[in-house]
There are 2 protein chains.
Amino acid sequence: MEEEMQQVKTPSILPDASGHVQKFIDFMVKDEKTGACYRAYHLLRDHCKDKLEKDLAISSEDAAELKHILDDLSAEQLGAKIKEYGIVAPDTKNPLSDPYPFNLMFETTTGMGPGYMCPETAHGIFVGFKDWYSYNHNKLPFAVAQVGPVYKNEISPSQKLLRLCEFTIAEIEHFVDPKDKSHPKFSTVSNLEFLMLPRAEQMTSQSANRLCLDDAVAKGIINHQTLAYFIGRVYLFLTSLGIDKDRLRFRQHLPYEMAHYASDCWDAEIETSCGWIECVGISDRSDFDLRAQSEKSGIALVAQEKYAEPKEVDVTILLSAFKCVIRPNNKELGPAFKSHHKMVVEALKAMTEEKALEMKAGLESKGEFDFEVCKLQKFVTIKRSMVSIVVEKKLEHVRTFTPHVIEASFGIGRILYCLYEHSFYTRFSKTGMRQLNVFRFLPQVAPYKCVVFPLVKNKQYEDVAERITISLKQAGICLMRYTAGTSIKEKYAYADELGVPFAVTVDSETSVTIRERDSEDLIRVNVAEVAAVVKKLSNGDTTWADISQKYSAHTSGIL
Amino acid sequence: MEEEMQQVKTPSILPDASGHVQKFIDFMVKDEKTGACYRAYHLLRDHCKDKLEKDLAISSEDAAELKHILDDLSAEQLGAKIKEYGIVAPDTKNPLSDPYPFNLMFETTTGMGPGYMCPETAHGIFVGFKDWYSYNHNKLPFAVAQVGPVYKNEISPSQKLLRLCEFTIAEIEHFVDPKDKSHPKFSTVSNLEFLMLPRAEQMTSQSANRLCLDDAVAKGIINHQTLAYFIGRVYLFLTSLGIDKDRLRFRQHLPYEMAHYASDCWDAEIETSCGWIECVGISDRSDFDLRAQSEKSGIALVAQEKYAEPKEVDVTILLSAFKCVIRPNNKELGPAFKSHHKMVVEALKAMTEEKALEMKAGLESKGEFDFEVCKLQKFVTIKRSMVSIVVEKKLEHVRTFTPHVIEASFGIGRILYCLYEHSFYTRFSKTGMRQLNVFRFLPQVAPYKCVVFPLVKNKQYEDVAERITISLKQAGICLMRYTAGTSIKEKYAYADELGVPFAVTVDSETSVTIRERDSEDLIRVNVAEVAAVVKKLSNGDTTWADISQKYSAHTSGIL
C-alpha cells in the first residue's frame, strides 16, 4: 500500500505453454551403493566453492572456469564435470551415478492437457504484464505484488519448517526502465547501516560487516538505487517484525550462484539453530523473464516511452526496436490463416531482428518462408505478398523496450519460523522454582493481543470480564479468554508461553490490572478505558513505557 | 475474531489415506452420438425433481423411491436407473452411454505416492481435530476456520467467474456436543427476518418468503439454534458487504440433495444474471466426518465430558463408549510390534464394539485374531496374552462421544462476483451526453478508498496532494493517484467506474474538496483534516450524511 503496488492473484496450476518446466528440472545423482540422492548441481557448486576458497594457488584461468562452470550445463556436461573433478557422495565417498532429470514441479492433468503446480507466483505476474502495465496507465516504474501458495516436489522435506512441499510466498515484481534504475524514495533508507556480506568479502572468507546503504551504492557494491531501496525496505520490514538485527545479514550472490541474466542478487539471511537461512531474495533479473515469455507466447511484452520530439533512432542500442520494419498485409494474411490470423500477426510483430532479416532473405530468394508460430505449435508458410520487410532509418515517436524487473521474493513460512526462534526466551519464575518459556512477540505481530480473566471466579468479576471482552472485540482486538490453569501465576505463565503481550485481570468492579509480558509489570486502569489502552498498545501507537507513566503501577502481593 | 475461532492452515495436497478420493468421484455419461458429457447424478436428480414436482398423481411409494434414489448409488445402479426412467441426453435426446467414473480431484505424485489437490479445506480441519480440541482446553463447543485455495478438475469451467478449476473458499467447522445444539448468542440474530425457501415450499413450487429466524426454529423449519445462528450471521455478513437483501435467499436442501448423514442443509443463494447462485453452504453434518476419519486412520477423534459424579452408564445410548473394555498389555505388544506399537494400540482403542466382541470370540476360540491396522495398511496378529477384553458394567467418570459439526462454507470468488453484479449501475452524465458506469462498493469494501489529484497541474497543488497522500497512507488508507483523463469530469468518471468512494481534489493550498461517488456531492475540508475524515468514512465509523452536515458543501461550478 505504501508503495502503491498492484496486488494480484494468478492461477497456481499453469500449462507449460511457456517452457516453464525446463527451469525447474533439476539433475540428480545417486550414491551407487546406498542409493542416496543428491542434487548434482549442489555437489558441483560446493566443490567449486570449496576449491575457490581453499586453493589459494589456483591459476586465474582455473578460477574463471570454476566460477562460470554452472551456466546452463546439460546432464552430460554435469556428469562429465563430476567425473573430471572426482566428486563422490559426500557422506559415504562412494561413486555417483550419471545425472538424471527430476522435475521439482508437481505435475497434474487438466482438461487442457498436462498442468503444473507453480513453484513461484512471479510467473503469473510476467504472463499478465500487458494488463498490469495498462492498469498503471502505460507508465513505468510500477510494481505488482502477489501472495500465494506455491508447491515444490522436494525430494527430502527437512530442516524443521524450513523446507516444505507447499508454502506461502510473497513476491514483488518492480518493473523499471533499464535506462533509469534510480529510486525517488532511496533517500528514505540511504542512511541505514546493517550487516552485509558482499561478493568480494565472501571470496576472501571474511564475515559480514556493517555497511551504509548509501556507501554501498556509491562504491558500486550494490548495483543501483532501486535494488538498494528494496534491500533497505526488507531490512526495515524484518526488524520491525522482531528479527534480531545482529542475526540478519544481506549476502550478495557469488557469480557462480547467479543466473547468467541477473545483474545483481542479494539474499536476506537470518541466523537460526539450522544455520543462516535464506528468507528473502532481492535481485535484478534484467529483462530475462519478460523476453522469455514474449518469445514463447509470441506476444510482445514491452513498454513505450514517448519522445519529447521524434528522433532518428540509433537502433543498435535499443533492446527491441527493429531496424527491419515488418508490415503485415492483412488482406492476404486474413484469408490464408483464418482464425489463426491474429496469432500469426502477433508472432510476426514479436519476431527478432535476426529472424526478420532471415525471412526477408528467404522471401527474396524463394518467394516464401517457413515461420514458426509458437502459440500454434507449428510452422506456417509466409508468402512474399503477405508481408513487406524493409530496412529503413526512420523517425521514431516512441522508444519501445522491454522493462527490467527488480524482484523481492519473501518466504513467509521461513520468516515466521525465524521469528519464533528470535522471539523465544526462558526465565525463572519469581520463586526460582520453575523455568518458564516466553515468546517476546511485539504487540503488532502477536496473534493474540491480550488475555482477559477474573482474578477469582464470581458473578460480578465474570460480568466485568465479559463487558471488557465485548469492548475489546468492538475495538478490533484479537483476544483470548483464558480457560486453563488455576492460579493467577499459571494463567500468566500460559499466556507468556503463547506470546500474548498483555493480560487483563479483573480484581474489582471499577478498575482492573493490565500486565505486560516481558517486564511483568502491572498498571491499574479503569474498566471503561481498557479497550482504548490495549488498542493503542497493540497498534504500536504507544509503548508500554509511556502507558506505565500515565497509569498507577499495581504492586499488590498477588504476583 | 468475534467468535474466537481458531484460524488454521492445513495442506492442500493430501495423500488418500482417508479414502477421500471416493467422495469426489463423479459418474459421467456421454451422449452416444455427439460425445457431449453429462454428470449422471445431475441428470437423474433433475429427472426425479421434475417428476416429483409435476406428477401430482404419483403414488407415495414411488415418491419415496424418487426421494431416496440418490443415496450412494454405484455406477451400475445409476446406469440401471437411467435406463429404467428412459433418461436421454437433454440437448439432443440421443441415448446415453453407461456411467463411468471421473475424478474431480487433480491428482499428482508426491514423494509418498499419489497425492490429491484438496477440493475443500474442511478435510484438513477434521484430520487435525485432536489438536484443535486440545488448544481449546478440551472443551466444546469451539470452531475452527480456514481460508485457502481449493482445486476442482471441472469438466467444463463456465458461467463467467462462477465455476473455476481453482478458487478460494473459507470454511468454518463448529464442533458441538450432539446433546446440546443451542447457541448462547442466538438471541443476537433471532429477530432477523429475510427470504427463506424451506423444503415444504419448494416441494409445492412456492417462492421464497420472508421468515423470522426465531419462528423458523420454533416451527422446526430450521433444525436447531446453532444452524440458525450461522444462517443469521451469514445473512448479516453478505448484506454488510453490499449484497442486495431482496436478491438473497436461504434455500433448504431437498431430501434427495442432502447427504444421508446430514440432518439439515441450507444454501445462501444470490440472484445474478446467471440465475440463483449458491454462494455459502450451511449444514449440520452430524458426526459423519470425524467418524469417517477415525475409522480410516484408527485414531479416535472424540470429545469427553466429565460427569458431575460418576455414573453407571447405559451404553446403548452413547455413540462411542464401549460395553467392552479393552486393556492392551503393553509388555506383550511392545516387543511384538516394535515401532508400530503405538499405532496398534491406537487402533485397538478405536475399535468398534462389534469388532471388539468379534476379537474376544476369536481369541477365546483360536487364541489369536487377525486385526487390520488401517494406518499400517496391513493385518497384524493379536494373541490372547496381548489384550484382555472384558464386558462389564462400570462406573464411568466421563462421557466419551464424537462431536457433531456445523459447517459454513463460503465461496469467496462467487460472493465477490455477485457483489460486482449487485454493486453495478449506470447513470447519465450531468450533460446527459454519456452513459457512465459506477460500482457502488461500500467504503469498507472498496479496494481503493480514495483518489487524490490536483484540480490543475501546478507545483503548489501537487505539493499539497503529495502531503495529503502521505497523511492518508500513514492513516492506513489504500488510495489511488489519478494519472489518466484530463478534465475533472473524466477523472471522477474513471474513479466511479472503479468504485472508489471518495475523491479528494486539491483546488487551494489550505482546503480541498472531498466528493462522494454516488451522491456526487462535494464538501470542503481543511488539508490537515482530510486523512481523519477519509479514515472515519472508510472504516464505517461515520456516514457521508453525518459528515456532510459537519462540513460546508462545495457548490462551485466546476462539476
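1. In this predicted model, R481(B) and E4(A) form a salt bridge, with their closest N and O atoms 2.7 Å apart. This pair joins chain B to chain A, and the rule finds four salt bridges across the interface of the two chains.

2. The extent of that interface can be stated in two ways. By contacts, 29 residues of chain A meet 29 residues of chain B. By area, about 2,500 Å² is buried between chain A and chain B, and carbon and sulfur atoms give 49% of this value. The size of an interface is often expressed as the accessible area lost when the parts come together.

3. How is chain A superposed on chain B? The operation is a rotation of 180 degrees with a shift of 0.1 Å along its axis, and the RMSD is 0.3 Å. The two copies are therefore related as by a two-fold rotation axis. Both copies use the same surface, since 100% of the contact residues of chain A recur in chain B. Among the residues of chain A, T108(A) comes closest to the rotation axis, its C-alpha lying at 2.6 Å.

4. Turning to the interior, the largest nonpolar core has 43 residues. The members that touch the most others are M196(B), L213(B), I222(B), L238(B), F250(B), V280(B) and I282(B). Helix α9 of chain B, residues 225-241, gives the most to this core, contributing nine residues. Nonpolar side chains tend to be buried together in soluble globular proteins.

5. L238(B) merits individual mention. Leaving aside residues up to four places away in sequence, L238(B) touches I243(B), L248(B), A268(B), I270(B), V280(B) and I415(B). Of these partners, V280(B) is also listed among the core members that touch the most others. A second, separate core comprises 42 residues, including A143(A), A228(A), A268(A) and I406(A).

6. The cysteines require a separate comment. How many disulfides does a search of the whole structure find? The search returns zero over all chains. C418(A) takes part in no disulfide, and the nearest cysteine sulfur, belonging to C279(A), is 3.7 Å away; the cut-off for a disulfide is 2.5 Å between the sulfur atoms. With 0% relative accessibility, C418(A) counts as buried.

7. C478(B) presents another case. Its closest cysteine sulfur is that of C450(B), and because the two sulfurs are 9.5 Å apart, they are too far for a bond. C478(B) has 24% relative accessibility and so counts as partly exposed.

Terms used:
Residues numbered from 1 in each chain as written. Chains lettered and ligands numbered in written order. Predicted model: local features only at pLDDT ≥ 70, side-chain atom pairs only at ≥ 80, totals over all residues. Heavy atoms only, no water. Core = buried A, V, L, I, M, F, W, Y, C linked by side-chain atoms within 4.5 Å. Buried < 20%, exposed > 50% of the residue type's maximum accessible area, 1.4 Å probe, protein only. Helix = DSSP H or I, 4+ residues; strand = E, 2+ residues; numbered from the N terminus. Contact = heavy atoms within 4.5 Å. Least-squares fit on C-alpha atoms with pLDDT ≥ 70 in both. Buried area = accessible area lost by both parts, 1.4 Å probe. Salt bridge = Lys/Arg side-chain N within 4 Å of Asp/Glu carboxyl O.
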